[in-house]
Amino acid sequence: MRVDYTEAQWVGVAFVVLGLVLALAWLVRRYVPPFAALLIPTSVIAGFVILVLGPPRRSTSSGGIVRLRQGKEARRRP
């Protein structure tokens, strides 16, 4: 199912997702003692959470950039 949002709606979705991730990072910082003891900022923890939960990355043997265009893989070669 694909939803076609307007640009303003995508901005709203992004703010909601960022808010949820920051709330999750705040909970992690509060209840995981090593993060609180090391004084790691909530925003840094949120960045790592986004990296972990983000889309999986594929490595290419040629070092090219893999892009997804309209559901098909397309490789851009230098």
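Which residues make up the largest nonpolar core? In this predicted model, that core consists of Val21, Ala25, Ile45, Ala46 and Val49, 5 residues in all. Two elements give two or more residues to the core, namely helix 1 (7-31) and helix 3. Of the elements involved, helix 3 gives the most, with 3 residues.

The protein as a whole contains 3 helices and 2 strands. Along the sequence these elements are arranged in the pattern α-α-α-β-β. Of the 78 residues in the protein, 9% are buried. The exposed surface of the protein comes to about 7,200 Å², and 64% of that area is supplied by carbon and sulfur atoms. When contacts between residues at least 6 apart in sequence are considered, 18% join residues at least 24 apart.

Alanine 46, one of the core residues, is located in helix 3, which spans residues 42-53. The relative accessible area of alanine 46 is 4%, and the residue is therefore classed as buried, the limit being under 20%. With residues up to four places away in sequence set aside, alanine 46 touches Val21, Leu22 and Ala25. Of these contacts, Val21 and Ala25 are also listed in the largest nonpolar core. Alanine 46 and alanine 25 are separated by 21 residues in sequence, while the C-alpha to C-alpha distance between them is 5.0 Å.

Threonine 42 also belongs to helix 3. The relative accessibility of threonine 42 is 19%, so this residue counts as buried under the 20% limit. Outside the range of four places in sequence, threonine 42 touches Leu22, Ala25, Trp26 and Arg29. Leu22 and Ala25 thus appear among the contacts of threonine 42 and also among those of alanine 46.

The loop between helix 2 (33-37) and helix 3 includes leucine 39. The phi angle of leucine 39 is near 55 degrees, which is a positive value in a residue other than glycine. Leucine 39 has a relative accessible area of 64%. This value places leucine 39 in the exposed class, because the class begins over 50%.

A further feature concerns aromatic side chains. The structure holds 1 aromatic pair. The pair is formed by tyrosine 5 and tryptophan 10, whose ring centres are 5.0 Å apart. The ring planes of tyrosine 5 and tryptophan 10 stand at 90 degrees, so the pair is edge-to-face. Both partners are partly exposed: tyrosine 5 has a relative accessibility of 37%, and tryptophan 10 has a relative accessible area of 44%.

Tyr5 and Trp10 are also members of a nonpolar patch on the surface, together with Val3, Val13 and Val17. The accessible area of the five patch residues together is about 420 Å². Valine 13 is situated in helix 1, the element that, like helix 3, gives two or more residues to the largest nonpolar core. With a relative accessible area of 31%, valine 13 is partly exposed.

Note on methods:
Residues are numbered from 1 along each chain as its sequence is written. This is a predicted model: local features need pLDDT of at least 70, side-chain atom pairs count only at pLDDT 80 or more; totals for chains, interfaces and linings use all residues. Side-chain values use heavy atoms; hydrogens and water are left out. Helices (H or I, at least four residues) and strands (E, at least two) are DSSP runs, numbered from the N terminus. Buried means under 20% relative accessible area, exposed over 50%, partly exposed in between (1.4 Å probe, protein chains only). Contact means heavy atoms within 4.5 Å. Accessible areas come from the Shrake-Rupley method with a 1.4 Å probe; for residues, only the protein chains shown count as cover. A nonpolar core is a set of buried Ala, Val, Leu, Ile, Met, Phe, Trp, Tyr and Cys residues joined through side-chain atoms within 4.5 Å. Rings of Phe, Tyr and Trp (its six-membered ring) pair if their centres lie within 6.5 Å; planes under 30 degrees apart count as stacked, over 60 as edge-to-face and the rest as tilted. Patches are made of residues with over 30% relative accessible area and no salt bridge: like charges are joined within 9 Å, nonpolar side chains (Val, Leu, Ile, Met, Phe, Trp, Tyr) within 5 Å. A salt bridge is a side-chain nitrogen of Lys or Arg within 4 Å of a carboxyl oxygen of Asp or Glu.
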